[in-house]
Amino acid sequence: MNRLDKLVGLMDDYMGALITPGTNFYYLTGLNPSATGERLFLLALNREGESVIIAPKLYENEVKENWEGRAIFWGDDENPYLILKGVLDELNLRRGKILVEDTMPAMMLVKIENILMDYELGLLSALTSKLRIKKDRGELKLMEKAAQAVDEVFYELIERDLEGMSEKQVAALIEYLINERADGISFEPIVAAGENGANPHHTPSDRKLKKGDLVILDYGAKYKGYCSDITRTIAIGKPSELALEVYDVIKEAQERAVQAVREGITAKEIDAVARGEITKKGYGKYFIHRTGHGLGLDVHEEPYIAQHSETILEEGMTFTIEPGIYIPGKVGVRIEDDVAIINGKGKRLTKAGKELIVL
Ligand SMILES: CSCC[C@H](N)C(=O)N1CCC[C@H]1C(=O)O
């Protein structure tokens, strides 16, 4: 059964779905157009499994080369919402419960709502996350490639003389090294030196890396649409006693959580392994986020490895394990691996070493 048919099988009382380009669109159709969101581009799919793509003429060749189904192309001299109205009438999709892509631009959604009558909207991700949460062998292979790329980038980075470079320069170097090995970055790299490490999502700045800094390097690659996401914390010169202690606590907590991964365990149990270890060592209040997140076509997706998540981890699920300690004004440490459940056991996809590297 193809992925669109599987989606139809989950629709229950939904009449169908309106799906704009993005990771769900790619997962379901194999098309990954770099659409801007300005021009109407969507797949309309009804509960009978009938579908039509409405796309700007600019994408006609790309769609025809990669999509065997029905497609209508519109020019800049036309009103695409009139075309959409006709298609929705034909597919019986103007009334009732309709799924919409979560990331559809509001300017499209508002115009679409003007065409609908007696409708109720639902988020497409409620259904697609059920399909996407478990990866098949082909998807796992692509994720392994994405993970291999970030491991290689780490080994390349620690060969460089990073002292004196700014966080921004290191981030640009990471992006360059990823582009050499994969299709691009899966998110803007985080490079956080010294006290900046206490901000988990720090934006790289002009601050230069200097002796005594711990530096958090958090970055990811995309390979044929699939993401990796790795974090390593390194030292520039000799770190403080506090930094060394915090590093050891995180390394132990992260490794214990990775070791605990197996089929049948809940996400919150994995979170508790990492959080419990950090709390036992007295740093619990400095671990201010979840332990991890699912990884796939999106860098953040189901299953979330969080304190209250009852999700049971199953074969084929892929996620990160990334505890951190963030002491404001002083230091931050985070270590992250990507893990998949294969043959019932947790398998690390990222394999870069975790002993503290002192440059
Ligand atoms: C997509 S930007 C952040 C990437 C990073 N690896 C990450 O996912 N996190 C950093 C701190 C916590 C965690 C998160 O859940 O955002």
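## A tour of selected residues

Asn 343 is exposed, with a relative accessible area of 69%. That makes a handy starting point for a walk through this structure, which is a predicted model. Asn 343 sits in the loop between strand 16 and strand 17. The backbone there has a feature to look for: phi of Asn 343 is positive, about 50°, although the residue is not a glycine.

Where can another positive phi be found in a residue other than glycine? Asn 92 has one, with phi near 55°. This residue belongs to the loop between helix 4 and strand 5 (96–100). Asn 92 counts as partly exposed because its relative accessible area is 49%, and exposed would call for over 50%.

**Around the loop before helix 4**

Let us move to the loop between strand 4 and helix 4, which is home to Asn 79. The side chain of Asn 79 reaches the backbone nitrogen of Tyr 81 at 2.9 Å. Asn 79 also shows how the chain folds back on itself in space: Leu 40 is 39 residues away in sequence, while the two C-alpha atoms are 9.5 Å apart. With a relative accessibility of 42%, Asn 79 is partly exposed.

Asp 76 and Arg 39 join their side chains in a salt bridge, with 2.9 Å from N to O. Why does this pair tie together separate parts of the chain? Asp 76 lies in the loop between strand 4 (70–74) and helix 4 (80–90), whereas Arg 39 lies in the loop between helix 2 (23–29) and strand 2 (42–46), so the bridge connects parts that are 37 residues apart in sequence. The two partners can be told apart by their surroundings: Asp 76 is exposed at 54% relative accessibility, and Arg 39 is partly exposed at 23%.

Arg 39 has one more link to point out. Its C-alpha atom is separated by 8.1 Å from that of Ala 55, which is 16 residues away along the chain. Ala 55 is part of strand 3 (residues 51–56). Its relative accessible area is 0%, so Ala 55 is buried.

**Salt bridges, one with a buried pair**

The whole model has 33 salt bridges. One of them brings Asp 337 together with Arg 232, with the closest N and O atoms 2.9 Å apart. Here strand 16 (residues 337–342) supplies Asp 337 and strand 10 (residues 230–236) supplies Arg 232, so this pair links distant parts of the chain, 105 residues apart. Are these two residues buried or exposed? Both Asp 337 and Arg 232 are buried.

Asp 337 has another partner, for its side chain also meets that of Arg 348 in a salt bridge of 3.4 Å, N to O. Arg 348 lies in strand 17 (residues 345–348) and Asp 337 in strand 16, with their positions 11 residues apart in sequence. Arg 348 is partly exposed, with a relative accessible area of 26%, whereas Asp 337 is buried, with a value of 0%. Elsewhere, Glu 152, Glu 156, Arg 160, Glu 180 and Arg 181 are joined into one network by salt bridges that share partners.

**Two more strands and a charged patch**

In strand 12 (residues 301–305) you will find Pro 303. A cis peptide bond joins Glu 302 to Pro 303, and omega is about 0°.

Thr 320 belongs to strand 13 (residues 318–321). Its side chain makes a polar contact of 3.0 Å with the side chain of Glu 322. With 0% relative accessibility, Thr 320 counts as buried.

Which residues gather in a patch of positive charge on the surface? They are Arg 137, Lys 141, Lys 145 and Lys 224. Lys 141 is located in helix 7 (residues 137–157), and its relative accessibility of 56% makes it exposed.

Here is a recap of accessibility for some of the residues on this tour.

| Residue | Relative accessible area | Class |
|---|---|---|
| Asn 343 | 69% | exposed |
| Lys 141 | 56% | exposed |
| Asp 76 | 54% | exposed |
| Asn 92 | 49% | partly exposed |
| Asn 79 | 42% | partly exposed |
| Arg 348 | 26% | partly exposed |
| Arg 39 | 23% | partly exposed |
| Ala 55 | 0% | buried |
| Thr 320 | 0% | buried |
| Asp 337 | 0% | buried |

Conventions. Residues numbered from 1 in each chain as written. Predicted model: local features only at pLDDT ≥ 70, side-chain atom pairs only at ≥ 80, totals over all residues. Heavy atoms only, no water. Patch = residues over 30% accessible without salt bridge, like charges linked within 9 Å, V, L, I, M, F, W, Y side chains within 5 Å. Areas by Shrake-Rupley, 256 points an atom, 1.4 Å probe, with all protein chains shown as cover. Salt bridge = Lys/Arg side-chain N within 4 Å of Asp/Glu carboxyl O. Lys, Arg positive; Asp, Glu negative; His and termini not counted. Charge placed at Lys NZ, Arg CZ, Asp CG, Glu CD. Helix = DSSP H or I, 4+ residues; strand = E, 2+ residues; numbered from the N terminus. Buried < 20%, exposed > 50% of the residue type's maximum accessible area, 1.4 Å probe, protein only. Polar contact = N/O pair within 3.5 Å; in protein donor to acceptor, adjacent residues only side chain to side chain.
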